[in-house]
Amino acid sequence: MKRSLALATALAIAALGLVFADGTPIQGLHRYRLDNGLELFVLENHAVPLTRVQITFRCGSITQTPETAGLFHLYEHMLFKGNSRYRTETEFSAAMTDLGVAEWNGGTSTEYVTYYFTVPSAKTEAGLQFWSYAMREPLFDPAELQIEQGVVSNEINGFLSDPDHVYSSAMDKALFSRYPWRRDVGGNEAVVRSATVDTLRSIQSTYYLPNNAALFVGGDVDPEKVYAMAKQWYGTWKAGADPWKSPAPPHPTPGVSKPVYLVYPDESLPQGIAYIEMRYRGPDVVIEPKPTYAADVWGYLIQKPDGAFKTAVFDGVPGLYDKDYIGGYYYTQRDGGQVSFYTYCFVDKDKPLAARAQASFKDIVTEQIAKMASDQAYFSDAEFGVVKQKLEDEQILSLETPEKLIETLSFWWSVASTDYFFNYVPNMKHVERADVAAFLRKFVLSNVPVIAVRVNPADFKAEEDAFAQSGYSTVSADTAFWWKDGSK
Amino acid sequence: MALAACALAFSCVSSPAAPTVAEPAVEPTDATAGASEAVWKLPGSPVSQWKLPSTPGAYMQANLPSIETRVLANGATLIVKKNPANRIFSMKVAFRGGSALVPPEKAGLEAMTLALIARGSTTYPYAELQRLQYEKSSSIGSTASSYDWSSLDLNTIDKYWDELFKVFADCALNPAFDPAQFALVQNDFKVSIQKSMADPYNYAVTKLHDRMFAGHPYAAEFGGTASSISSITLDDIKSYYARTIGADRMVVVAVGNFDADRLAASLNATIGAIPAKGVVIPPVGRYTPKAELYLEKFDKSKGVAYVRGDYPIADIKSPDFPSLQLAYSMLDELLFSIVRTDHGACYSVWSRAFGFLNPYGSLVVYKTDKPSAAKGWVDESIALLASGKTLNIKGGDDKYAPIASTIDAYKAKYVNAFYGNQETNAQTATQLASSYIYFGDHTEYLRFIDKINAISPEDIVAAVNAYVVNAPITWIVVADQATLAGVDKTRFAAFTGTVQQ
């Protein structure tokens, strides 16, 4: 998952901490900033004659309102539809082929929008030039917009038959009920259908600014030459007002005032096997960075296959599937950090799922978390030692390809900050038991969860009454999305 | 499984990579709308004229010195590619045979057997494996992602190699076949299949292949089906292991900073001692193509259809196969431009060549609200390429340009993609194993760049006309009933493009 990749690469920094190249602790990574605020990261790796060029903006669903939900995704699509240099999508695509681009794409996420491709290293400057036109001078032709609105609508409608998407949307709607549109990348089809060129221009002038972007170049390159190229093609890009000067208020913590129970009749699960999750609001990394380090160390500790946590949950909750599929994690976000616990279990009519999730699973997990927070011996010194060893091992693994580092750097730059990324491992190594305890007390023991069960529809039918009597709301494609319930 | 189920981040892309090949199948339901039986034959001899250069290109020359082979004590081949650039050690113990060795009613037997081998030995139970994998950031597992071969895999870091290899080898030699682990593996497979079948695209592929491969060895879907997985017993697995996990279908590939002699010695004392079992791999012939259309209802896919058409193509060893691979790279851009850009008819659209022993090509329109019209635009794109045209990538008023003016750029693009598939040691190990299994020569993949560079525009045109135009395509459309009701079946009955000679 993105999170683990990001963590792995950040960990790589520690063991390389003695090597500094232009202010970064990563060997081969050079950092620059243009006068207009554009950050440039150049990673030297001469293994193959290729260059990855990626540009990332701090925006996405995080910056949405009910009236703009889905437009950042639409905007991302429209950037491929033509600009002042390549006037149509066909010209745009043809130019990439002419550059020898093997892999390209754009992606919209909750907290960033990113575009990338890989070119032969001899065409690095042409690659930088190519993206500069797209970022700075998109055309937003009305006829093209109309076509793309149809494409994006197809995509949104496709989500309605994607069980993971339905489930994820329902969880976000419950846990982030005040501002659910800030978690909804796909957005509302009606909003997408009603988008105009003016709304896209508004996004451009607010967020597609050099001082809200970072350029990542990695591969068979000379950093100083890349810096010169970047100045050539991006140096005159005009900065604008900082879009983050007055950030929106954070999602409330706890995310819910009392426990919320959801059940999702889910055809992606076979009969006889169900999934239980308990999710809390976690720390937002920019507002509260300190507990995020403790959270990540904790995440490593409870992964231990035969550790106290997995063993206690497996032994304490009846009918669980396997220790392998018991876990917990913290998901780092700028606006919507989350802490989750999950397990798979067998369906058993004598052990109703509603109660197993609502009581057994929640109680055992909470009991174990309380012990972690109060018992100094819950995690041994040896277990902390293994985490430190894993930090070093993850470093070796993450340096296998340059793409991993660029993707990771892009993620952290968007979600937290470069400084957070560069100081990540030293801060992780400073985490002590008391830090873990403080994180758990605040974000689990004093928090209120959303508890959800995913279960095959046939199994759900057999326990439908028990779910209803226990206060569970039933999730479906009609109820999972905030924009379909008419409340917003 | 758990990670997929609890994934939080949703990243939405403009042009997604093609989803992976479908997971296993479930029982078929009603088919609809048989179209005409096409009178069509694969070319009797290659239509491509390109020849490899007499001297290998720079890529092959640069890489050959890093590759060594040894013959293990049991006669199996060991291929070692030395890579001192990183500290990752990757090993594949690959087995030829795949679906051809397994009857459809036991589909998934090989995949389950290998998965269970990776669940511990008599000396090292699964809990011990789990501990090692966690503490050493390593993995012991299996891969069954092809109809024709599968593998046991070890990925670790240099400093842990000796410790992990000892455990890995013991699992291969003395698998525990623990009943409790068997039950968990069986459930894992069921969960995976069910999850796959809840995805309308994977559902489409599975239903399509149910029809296409009926009576063919590929009817045994390599990942199994819900019913076949349920029918497999622990005794089946023990028996399959005893009968088929042998030297006669084994090749071992290692990529990392290995010493080949030292590695061979380690293997000879362990995995290299696994004897031949006298396994006879049945020949995998061609499936019998049928130009038909199937409509499959998927209630939850309201207003959005998934369209796929598969058809036989050139053998992977034929000069026509690389010609088709390059042609599909050109076709993808025509498809995207016409179906998606011009008409906004879908989220994505692509073509593929699957180089299995029974090779086939695919045309896919992914998430469309205009399935019938999209099929016509797919044919229009094919006809353009068959007429010698690609997108005009040099700019100008003409949207299309002769292949001769663009082929070098497409070659560069394809070669760059090839580089991209060599980035990790595990990826390189897969290339070596695949080359050995399909070509009998582990270095065949090193010729890829030379092959692509030798292809002419005429080869592209000839290959597209011979294999794609008027091909006997078996189509499937998956959507809700209302969308299916609007499908114009006549559009799928035949190729509707106009090829200009």
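**Sheets, domains and the meeting of two chains**

In chain B, strand S5 and strand S6 (residues 149–157) run antiparallel and are joined by five bridges. One of the residue pairs here is easy to pick out: B:Thr143 has B:Ser151 in S6(B) as its bridge partner. Lying across S5 and S6 of chain B is helix H3 (residues 109–117) of that chain, and its direction makes about 25 degrees with S6(B). This is a predicted model, so everything described here is read from predicted coordinates.

Stepping back, the pair belongs to an open sheet of six strands in chain B, with the order S2-S3-S7-S4-S6-S5 and mixed pairing. Strand S2 (67–71) and strand S5 (139–143) of chain B sit at the edges with a single partner strand each, so one side of each has no neighbour in the sheet. From one strand to the next, the twist averages 15 degrees.

As for the chain as a whole, chain B splits into domain 1, made of 30–49 + 285–492, and domain 2, made of 67–273. The centres of these two domains of chain B, taken over C-alpha atoms, are 30 Å apart. Where they touch, domain 1 of chain B brings 26 residues and domain 2 of chain B brings 32. On the domain 1 side of this contact in chain B, at least two residues each come from strand S8 (292–297), strand S9 (305–312), helix H14 (425–439) and strand S14 (474–479). H14(B) gives the most to that side, with eight residues. By residue type, the side of domain 1 of chain B that touches domain 2 of chain B has 16 nonpolar, seven polar and three charged residues.

Chain A is also split in two, with domain 1 covering 2–234 and domain 2 covering 260–484. Here the C-alpha centres of domain 1 and domain 2 of chain A lie 29 Å apart. The contact between them involves 49 residues of domain 1 of chain A and 51 residues of domain 2 of chain A. Several elements of chain A supply at least two residues each to the domain 1 side that touches domain 2, namely helix H1 (2–15), strand S2 (39–44), strand S3 (50–57), helix H6 (163–175) and strand S6 (213–219). H1(A) gives the most to this side, with 13 residues. The residues on the side of domain 1 of chain A that touches domain 2 of chain A come out as 29 nonpolar, 11 polar and nine charged.

Chain A has an open sheet as well, with six strands in the order S9-S10-S8-S11-S7-S12 and mixed pairing. At its edges are strand S9 (327–331) and strand S12 (473–474) of chain A, each of which pairs on one side only. S12(A) pairs with strand S7 (residues 260–265) of chain A in the parallel sense, over two bridges. In this pairing A:Leu262 has A:Ser473 of S12(A) as its bridge partner. Helix H18 (residues 457–469) of chain A packs on the sheet and touches S7, strand S8 (273–281) and strand S11 (450–455) of chain A. The direction of H18(A) makes about 150 degrees with that of S7(A).

Then there is the meeting of the two chains, in which 65 residues of chain B are in contact with 74 residues of chain A. Both helices and strands of chain B give two or more residues to the side that touches chain A, including helix H1 (2–5), strand S1 (12–13), helix H11 (320–342), strand S10 (346–354) and helix H13 (403–420). H13(B) gives the most, with eight residues. The side of chain B that touches chain A divides into 31 nonpolar, 19 polar and 15 charged residues.

One helix pair gives a close-up of this meeting. Helix H3 (residues 89–98) of chain A packs with H11(B) at an angle of about 165 degrees, and their axes are 10 Å apart. Angles over 145 degrees count as roughly antiparallel, and H3(A) and H11(B) are therefore roughly antiparallel to each other. The crossing of H3(A) past H11(B) is right-handed. H3(A) makes this contact through A:Glu89, A:Thr90, A:Ser93 and A:Thr97, while H11(B) uses B:Glu333, B:Phe336, B:Ser337 and B:Thr341. The residues in this helix-to-helix contact divide into one nonpolar, five polar and two charged.

Notes:
Residues numbered from 1 in each chain as written. Chains lettered and ligands numbered in written order. Predicted model: local features only at pLDDT ≥ 70, side-chain atom pairs only at ≥ 80, totals over all residues. Domains from an automatic or database assignment. Contact = placed C-beta atoms within 7 Å. Helix = DSSP H or I, 4+ residues; strand = E, 2+ residues; numbered from the N terminus. Nonpolar A, V, L, I, M, F, W, Y, C, P; charged D, E, K, R; others polar. Pairing = 2+ DSSP bridges. Axes fitted to C-alpha atoms, helices over the stretch in contact; angles between N-to-C directions. Parallel < 35°, antiparallel > 145°, perpendicular 65-115°, else oblique. Left-handed = near helix turned anticlockwise from the far one by under 90°.
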